[in-house]
Amino acid sequence: MHFFLIGKKNNGRMAVDFRVGSQCHSSMTPAHSVTPLKFEMFDRTQLYFKRLTNTKTESSSQATDQFILCSLLKCASLSGFSLLFQRPQVTNYRNIKMPNLEHPAYPAATLLHLESLVPCRESQVSMLLSIFGERQQFSFPSIFIYGHTSSGKTYVMQTLLNTLQLPHVFVNCVEYFTSRLLLEEILLQLQSCSSETEQTSRVPCDNFNDFVRLFKQAVVSRELQDQTLYIVLDRAEQLREMEANILPAFLRLQELTDRNVTVVLLSEIVWELFRPNTGCFEPLTLYFPDYSIGHLQKILSQNHPPEYSADFYAAYINILLGVFYMVCRDLKELQHLAALNFSKYCEPVVRGEANERDTRKLWKNIEPHLKKAMQTVYLREISSSQWERLQHDDGEPGQLKGLSAHTHVELPYYSKFLLIAAYLASYNPVRTDKRFFLKHHGKIRKTNFMKKHEKTSNHLLGPKPFPLDRLLAILYSIVDNRVAPTANIFSQITSLVTLQLLSVVGHNDQLDGPRYKCTVSLDFIRAIARTVNFDIIKYLYDFL
């Protein structure tokens, strides 16, 4: 249903394109601007139209026309409009695809294109459009967007700002990890986007006071006083590692600069972990939930190769999600797995052994390869070319020679013994240290000892935390030559923690010293022990 509406109010003239089930999109003469009161009438129109359709049972087009006319007349009397209805000569408007995103400041074609670029994120984009408003309107000073990894935060913000051609600066706080680098990069992007000057040299900016002064000059040179400038800080949790005044100052940047600027923070953690103890301006928070399995199915199915049908690729994605969804919900990782294994899925079709609808044969062919791929989720131990070559040669999963098989090459000599000592301290009870590491420990019968003290294997219970003194005592016992507790030894312990081979348990302010836990597997530590000719099995209590 389509009407062409002409309304007069306050000596103004407005042409409105009105369609059933969607908001009205107006086009006016340049001498007049759209006021909220005029659009309020059309919101009321939809409300009255819904009430009429709920009370009537007629479904014909003539009844629908009557409902719309009654709704418009009712709202006209409330809003003070004098209306003239015209029915254009158009054959069928039901075939016209209207966007779910609606905003009076942007054309329907742009919103429709934006909707196609951000599938399954229409509600979040609609909320952001409502917050942003029109270009010349002041937006909220700061917005905090949070959600898990690969939930579309960065992609949605980049797509939204680029599609609507909004002036913006996009900075990754991991790449620019100090306050000076961050502030200088923001100013540099403002210079590079300027059409008045070709100078893109980095401007020195030592503190936030200099940044506010230089920011005002950059905004004036770009003539941005009448439109909102967006500063997007990705991976914003890194701001907590900078000076204490950086985060509160960014949240109040609109107030400090007296400019129409909005700061958008993108993070994977909640705002409660950001809030300073001294207090700050509270941003508007927006949550991006994880993609459901239906959303992942829809997004991944859009990337189907042109030589195959969409239904065939959708069936492949359905099989892929059925295998990996419980262990991996990262969209980027699933896209990588989909591209990596699709050629193997198509082999029966290419050889002519099955057609695209023979799901049984296709599943039987791809099943063993998906089992192999389960071992490399998130690890990236081999490159894509090595993985494809391994599949072509029908190699076994045990043939994967990735980083885990060669990690011992990168560790120093004493770091290997430190890791072995940490593993023994994590999986051996404290009372067994005398048995393993003293020459004259006496006789200890394990059978009676186990009946009294042991209930299950220590490897099944997991690693136990241990103090630093016990780690060094075991290290001195298993190393042949004398090892002095120098700064080199302690720095290697810190390196093992950085490599996540050891983990620190508890807080750093404990008076009794730090406690550690070994996080490597038995196969890993056996490979490390073989390189230094150490039989670790003889020193593990579970294998006596």
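Two rings of Phe, Tyr or Trp form an aromatic pair if their centres lie within 6.5 Å. The exercises below use that rule on a predicted model.

**Exercise 1. Aromatic rings and charges**

Task: Find how many aromatic pairs the whole structure holds, and which residues ring pairs link into a cluster.

Solution:
- Step 1. Search the whole structure; the count comes to 26 aromatic pairs.
- Step 2. Follow the links from ring to ring. Tyr308, Phe312, Tyr313, Tyr316, Phe342 and Tyr345 join into a cluster.
- Step 3. Turn to charges over rings. Arg121 places its charged end over the ring of Tyr291, 4.1 Å from the ring's centre. Arg240 does so over Phe274, at 5.7 Å from the centre.

**Exercise 2. The setting of Ser139**

Task: Locate Ser139, and decide whether Ser139 is buried or exposed.

Solution:
- Step 1. Place the residue. Ser139 lies in the loop that runs between helix H4 (122-132) and strand E5 (142-146).
- Step 2. Apply the cut-off: buried means under 20% relative accessible area. Ser139 has 6% relative accessibility, so Ser139 counts as buried.
- Step 3. List its contacts, leaving out residues up to four places away in sequence. Ser139 touches Ile131, Phe132, Thr228, Gln254, Asn260 and Thr262.

**Exercise 3. The two sides of helix H22**

Task: Work out why the buried residues of H22 line one face of the helix.

Solution:
- Step 1. Check the span. H22 covers residues 487-498, twelve in number. From first C-alpha to last, H22 reaches 16 Å, close to the 16 Å expected at 1.5 Å a residue.
- Step 2. Pick out the buried residues of H22: Ile489, Gln492, Ile493 and Leu496.
- Step 3. Look down the axis. The buried residues of H22 fall within an arc of 105°, so they line one face.
- Step 4. Recall the geometry. An α-helix has 3.6 residues a turn, so residues three or four places apart point the same way.
- Step 5. Turn to the face away from the buried side of H22. Ala487, Thr494 and Thr498 are exposed there.
- Step 6. Name the packing partners. The buried residues of H22 pack against helices H17 (413-427) and H21 (468-478), and against strands E11 (502-505) and E12 (515-518).
- Step 7. Read on past the end. Gln500 follows H22 and has a positive phi, near 65°.

**Exercise 4. The whole protein**

Task: State how many helices and strands the protein has, and what share of its residues count as buried.

Solution:
- Step 1. Count the elements: 23 helices and twelve strands.
- Step 2. Take the buried share: 42% of the 544 residues.
- Step 3. Consider contacts with a separation of 6 or more. Residues 24 or more positions apart account for 68% of them.
- Step 4. Finish with the surface. The protein exposes about 30,200 Å², and carbon and sulfur atoms supply 51% of it.

Conventions: Residues numbered from 1 in each chain as written. Predicted model: local features only at pLDDT ≥ 70, side-chain atom pairs only at ≥ 80, totals over all residues. Heavy atoms only, no water. Helix = DSSP H or I, 4+ residues; strand = E, 2+ residues; numbered from the N terminus. Buried < 20%, exposed > 50% of the residue type's maximum accessible area, 1.4 Å probe, protein only. Contact = heavy atoms within 4.5 Å. Phe/Tyr/Trp six-rings, centres within 6.5 Å; stacked < 30°, edge-to-face > 60°. Lys NZ or Arg CZ within 6 Å of the ring centre and 35° of its normal. Expected span 1.5 Å × (residues − 1). Arc of directions from axis to C-beta. Areas by Shrake-Rupley, 256 points an atom, 1.4 Å probe, with all protein chains shown as cover.
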